[in-house]
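Work through the exercises below with the model open. Each task is followed by a stepwise solution.

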Amino acid sequence: MKAVVITSPGGPEVLKLQEAEDPVIKDDEVLIKVAATALNRADTLQRQGKYPPPKGDSEYPGLECSGTVEAVGKDVIRWKIGDQVCALIGGGGYAEKVAVPTGQVLPIPSGVSLQDAASFPEVACTVWSTIFMTSGLSDGETLLLHGGSSGIGTFAIQMAKCLGIKVFITAGSEEKLAACKELGADVCINYKTEDFVARIKEETGGKGVDVILDNIGGSYFQRNLDSLNVGGRLFIIGFMGGTMTQVNLGCLLARRLTVQAAGLRSRTAKNKAQIVREVEKNVWPAIAAGKVKPVVYKYFPLAEAAEAHQLMESSKHIGKILLTV
C-alpha cells in the first residue's frame with residue numbers, strides 16, 4: 001500500500017507518499033480500505049516530532065478515517081467484508097489501508113457520504129467524551145467554545161444546539177464569526193478586537209457560562225476561570241497558548257469551579273470503545289436527522305498531505321480538511 005511517511009521531524013515538506021507494508025490485523029481488528037482521512041492539529045505536532053503515536057499504533061499520521069472493510073479478525077462479530085464504515089484510530093489514517101480495533105469502528109451515519117464521514121469520528125468522540133460525558137453539560141446550560149470555526153468547534157456548536165444549550169464562541173475573523181453564527185452559535189466574539197470575559201459577563205448578566213471547551217491552555221487559563229458561572233467547568237483539550245501560567249486560585253473555591261483536561265489518543269482501546277458506543281447512541285441520530293452536518297473546508301488527494309498541513313497551520317480554514325484516497 002501507499003502511506004504518507006514523516007521522513008524526518010519538520011515542516012509540511014517532510015510528508016512524503018511512499019510504498020509501505022500492508023497492516024496485519026489482530027483477531028479483534030478490522031482492515032479498512034481507506035476512502036478518506038481528516039486532518040487534526042495533533043497530526044501537525046506528530047510531524048514536528050512532538051506527539052509520537054501510542055505504543056502499538058501505526059507510525060503514520062491520521063486519527064480518523066472512513067472506508068470499506070477489507071478483512072476482519074476471527075473475533076470480530078459486528079463487521080463484515082464490504083461494510084462501509086468510519087473509525088477512530090490511534091494513527092495510520094494517512095494510508096490506503098489501516099487496522100482498527102473493532103470497538104472503534106462506526107457505521108456511516110445515514111445521509112452522509114463515505115468521504116465526508118471521515119470528518120466525524122475524532123471531533124464527535126472528543127466533544128462527547130469531554131463536555132458531555134465528563135463535564136455533564138445539559139439542556140438549559142451555557143457553553144463557551146474557543147476556536148468556534150475549527151473542526152471541533154463547528155461540530156460542537158451544532159451538537160450543543162441540538163441539546164438546548166446556549167452557545168458562545170470565539171474566533172479571529174468576521175468570516176469565521178459569520179460561519180459560526182450560521183451553524184447556530186448564539187454569541188460570536190472576535191477575540192482580536194473584544195475582551196471575551198467582559199462580553200460573556202455582559203451577555204449573562206454577570207454570571208458567566210457553565211462550561212468552557214478550551215484548546216488554548218496557559219494564556220487563557222485565568223480569563224477562562226473568570227468567565228465561569230458558579231459551579232462552572234473548564235475542560236482543556238489543547239495548549240496552543242502554552243502550558244505555563246500564573247493563576248489566582250481563589251475563584252475556584254469561591255465559585256466551586258472544576259478544571260478538567262483529557263486527550264483522546266492515549267486512552268485505552270477499552271475506553272475508546274466505550275466513548276465510540278456513546279457517540280453512536282447519542283450523536284449518530286442527530287447526524288441522521290440532519291441536525292448535525294459535516295463541515296468540510298477543502299479536500300486534498302493523499303499525495304498533497306503537505307499542502308493540507310500548510311492550510312491547517314495557516315488557520316484560514318473553517319471546519320475540517322480531508323485527504324481523499
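**Exercise 1. Describe the span from 10 to 323 by its secondary structure, its end-to-end distance and its annotation.**

Solution.
- Step 1: Over residues 10–323 the chain is 28% helix and 26% strand.
- Step 2: The end C-alpha atoms of this span are 20 Å apart.
- Step 3: The model is predicted. An unreviewed UniProt entry annotates residues 10–323 as "domain: Enoyl reductase (ER)".

**Exercise 2. Classify the packing of α2 against α8, then list the contact residues.**

Solution.
- Step 1: Locate the helices. α2 spans residues 121–132, and α8 spans residues 269–282.
- Step 2: Take the geometry. The angle is about 95 degrees, with the axes 9 Å apart.
- Step 3: Classify. Angles of 65 to 115 degrees count as roughly perpendicular, so α2 is roughly perpendicular to α8.
- Step 4: List the contact. Ala124, Cys125, Trp128 and Ser129 come from α2. Across from them, α8 supplies Ile275, Val276, Glu278, Val279 and Asn282.
- Step 5: Sort by class. The contact of α2 with α8 has six nonpolar residues, two polar and one charged.

**Exercise 3. Repeat the analysis for α2 and α3, and add the handedness of the crossing.**

Solution.
- Step 1: α3 covers residues 151–162. α2 and α3 pack at about 60 degrees, with their axes 9 Å apart.
- Step 2: That angle makes α2 oblique to α3.
- Step 3: The crossing of α2 past α3 is right-handed.
- Step 4: On the α2 side, the contact residues are Val123, Ala124, Thr126, Val127, Trp128 and Phe132. On the α3 side, they are Gly151, Ile152, Phe155, Ala156, Met159 and Ala160.
- Step 5: By class, the contact of α2 with α3 holds ten nonpolar residues, two polar and no charged ones.

**Exercise 4. How many aromatic pairs does the structure hold? What type is the pair of phenylalanine 120 and phenylalanine 155?**

Solution.
- Step 1: The structure holds four aromatic pairs.
- Step 2: In the pair of phenylalanine 120 and phenylalanine 155, the ring centres are 6.3 Å apart and the planes lie at 70 degrees.
- Step 3: Planes over 60 degrees apart count as edge-to-face, so this pair is edge-to-face.
- Step 4: Place the partners. Phenylalanine 120 sits in the loop between β7 (105–107) and α2, and phenylalanine 155 in helix α3. They are 35 residues apart, and the pair links distant parts of the chain.

Technical notes:
Residues are numbered from 1 along each chain as its sequence is written. This is a predicted model: local features need pLDDT of at least 70, side-chain atom pairs count only at pLDDT 80 or more; totals for chains, interfaces and linings use all residues. Side-chain values use heavy atoms; hydrogens and water are left out. Axes are lines fitted to C-alpha atoms, for helices over the stretch in contact, and angles run from 0 to 180 degrees between N-to-C directions. Helices (H or I, at least four residues) and strands (E, at least two) are DSSP runs, numbered from the N terminus. Angles under 35 degrees count as roughly parallel, over 145 as roughly antiparallel, 65 to 115 as roughly perpendicular and the rest as oblique. Contact means heavy atoms within 4.5 Å. Ala, Val, Leu, Ile, Met, Phe, Trp, Tyr, Cys and Pro count as nonpolar, Asp, Glu, Lys and Arg as charged, and the others, Gly among them, as polar. UniProt positions are given in the numbering used here, feature names are shortened, and annotations may be inferred rather than shown by experiment. A crossing is left-handed if the near helix is turned anticlockwise from the far one by less than a right angle, and right-handed if clockwise. Rings of Phe, Tyr and Trp (its six-membered ring) pair if their centres lie within 6.5 Å; planes under 30 degrees apart count as stacked, over 60 as edge-to-face and the rest as tilted.
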